[in-house]
Amino acid sequence: MNLPPLHTPRWLRNGNIETLYAKTLQQPPPAYRRELLPDSTGQTLTAYDFIDSPNPDAPLVVLFHGLEGSSRSHYAVALMQAVQAKGWHGVVAHFRSCGGVPNTAPVFYHSGDSPEIGFMLATLAERYPKIYAAGVSLGGNALAKYLGEQGRLAIPQAAAVVSAPVDLTAAGSRFDHGLTRLLYTRYFLDSLLPKARATGFHTDLLNRCKTLGDFDDAFTAPLHGFADRHDYYRRASSKPLLPHIAVPTLLLNAVNDPFLPPSALPDAAQVSPQVTLLQPACGGHCAFVSGSGRGSLDWMPQTVLSYFEQNA
């Protein structure tokens, strides 16, 4: 597989630093066309932010964002700009409550919500005959889980799973300890907790949450039918399903990703022959800064779109 080499500036070769720095390189988002469409429950609307190609026969690249992400996240902007430059259709499909649209369904979104991924893809397949799917972080794990569950019935012609915590137990342990907890936990909880409280579910427990593990124990797991966070992490992880993926899929993880220990990364024996593993030494979490000087965010979009072109 001929994919672009990654040249990370030497001073950025710390996963935490690169992850945080990537956001400073973000460009203005493209001019999205927004549609509000029903989710799989039919009880709330979710946002689809489209990039329209002048060529009606061009393929569609759909992006599933990460935890509390949106079409304005740095990785989404970079990918959709590259899609637009290529003359393809693009869309960022938002999970419930994301993209500024309130959630009125009795459920939220989570790392293992592969049925919602399938519903979104089926909705888009009614309009677009050729679909490539990309998922980043949480959205990547949910996409990989969907691909493994569906096998040959999966809708995308090819897929890319970027910085996905494919082993949620290992990721949860990393996230609730040390520097990763210190740098990122408050950022996510400040966004998640107000949304969760608005549902009126386990509000008393939510008020005591100090980590994302606490949040998953108090909210994510019980709301979605899991016994606790450990049950949720085990059942929602995509790693056990990677051997069953039947469409060409790029699985891209940086070895220095602060959200997932290197020991949890899959090897060739743990994935299907349709999965291409790409595990550069640097890249952080959803960062992959490349080039000289300040660097740029071009490498991930170029790599993903090159992979799609080679599997057209």
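**Salt bridges, helix packing and local geometry**

At 11% relative accessibility, Asp113 counts as buried, a class that requires under 20% relative accessible area, as against over 50% for exposed residues and the range in between for partly exposed ones (1.4 Å probe, protein chains only). The structure is a predicted model, in which local features need pLDDT of at least 70 and side-chain atom pairs count only at pLDDT 80 or more, whereas totals for chains, interfaces and linings use all residues. Residues are numbered from 1 along each chain as its sequence is written, and side-chain values use heavy atoms, with hydrogens and water left out.

Asp113 takes part in a salt bridge with Arg96, the two side chains meeting at 3.2 Å, N to O. This pair links distant parts of the chain, with both residues in the loop between β4 (89-93) and α3 (114-125), 17 residues apart. Elements are named here from DSSP runs (helices, H or I, of at least four residues; strands, E, of at least two) numbered from the N terminus. A salt bridge is defined as a side-chain nitrogen of Lys or Arg within 4 Å of a carboxyl oxygen of Asp or Glu. Arg96 is also buried, with a relative accessible area of 3%. A second acidic partner of Arg96 is Glu116, whose side chain meets that of Arg96 in a salt bridge of 2.9 Å, N to O. Because Glu116 lies in helix α3 and Arg96 in the loop between β4 and α3, this contact ties together parts that are 20 residues apart in sequence. The relative accessibility of Glu116 is 1%, and this residue therefore counts as buried.

Over the whole structure, the search finds 14 salt bridges. One of another kind of setting joins Asp190 to Arg186, again at 3.2 Å, N to O. These two residues are separated by about one helical turn because they stand 4 residues apart in helix α6. Asp190 is partly exposed, with a relative accessible area of 48%, and Arg186, at 41%, is likewise classed as partly exposed. Elsewhere, salt bridges that share partners join Arg33, Glu35, Asp52 and Arg127 into one network.

Helix α6 (residues 178-198) also provides the largest share of a nonpolar surface patch, contributing 3 residues. The patch is formed by Leu20, Leu179, Leu182 and Leu183, which together have about 370 Å² of accessible area. Patches are built from residues with over 30% relative accessible area and no salt bridge, like charges being joined within 9 Å and nonpolar side chains (Val, Leu, Ile, Met, Phe, Trp, Tyr) within 5 Å. Accessible areas follow the Shrake-Rupley method with a 1.4 Å probe, and for residues only the protein chains shown count as cover. Among the patch members, Leu183 lies in helix α6 and is partly exposed, with a relative accessible area of 33%.

The packing of α6 was examined against two other helices. The axes of α6 and helix α8 (residues 212-223) come within 10 Å and cross at roughly 20°. The two helices are therefore roughly parallel, a term applied to angles under 35 degrees, with those over 145 counted as roughly antiparallel, 65 to 115 as roughly perpendicular and the rest as oblique. Axes are lines fitted to C-alpha atoms, for helices over the stretch in contact, and angles run from 0 to 180 degrees between N-to-C directions. The crossing of α6 and α8 is left-handed; in this convention the near helix is turned anticlockwise from the far one by less than a right angle, whereas a clockwise turn gives a right-handed crossing. Helix α1 (residues 15-22) packs with α6 at an angle of about 15°, the axes being 11 Å apart. Helix α1 is thus roughly parallel to α6, and the crossing of α1 and α6 is right-handed.

Backbone geometry was considered next. Most residues other than glycine have a negative phi, and most peptide bonds are trans. Ser163, however, has a positive phi near 55° without being a glycine. Ser163 is found in the loop between β6 (158-162) and α5 (168-175) and is buried, with a relative accessible area of 1%. Cys286, also not a glycine, has a positive phi of about 60°. The loop between β8 (275-278) and α10 (299-310) contains Cys286, and this residue is buried at 6% relative accessible area.

A further loop residue, His65, lies between β3 (60-64) and α2 (74-86). His65 is buried, with a relative accessible area of 0%. The C-alpha atoms of His65 and Ser137 are separated by 7.1 Å, although the residues stand 72 apart along the chain.
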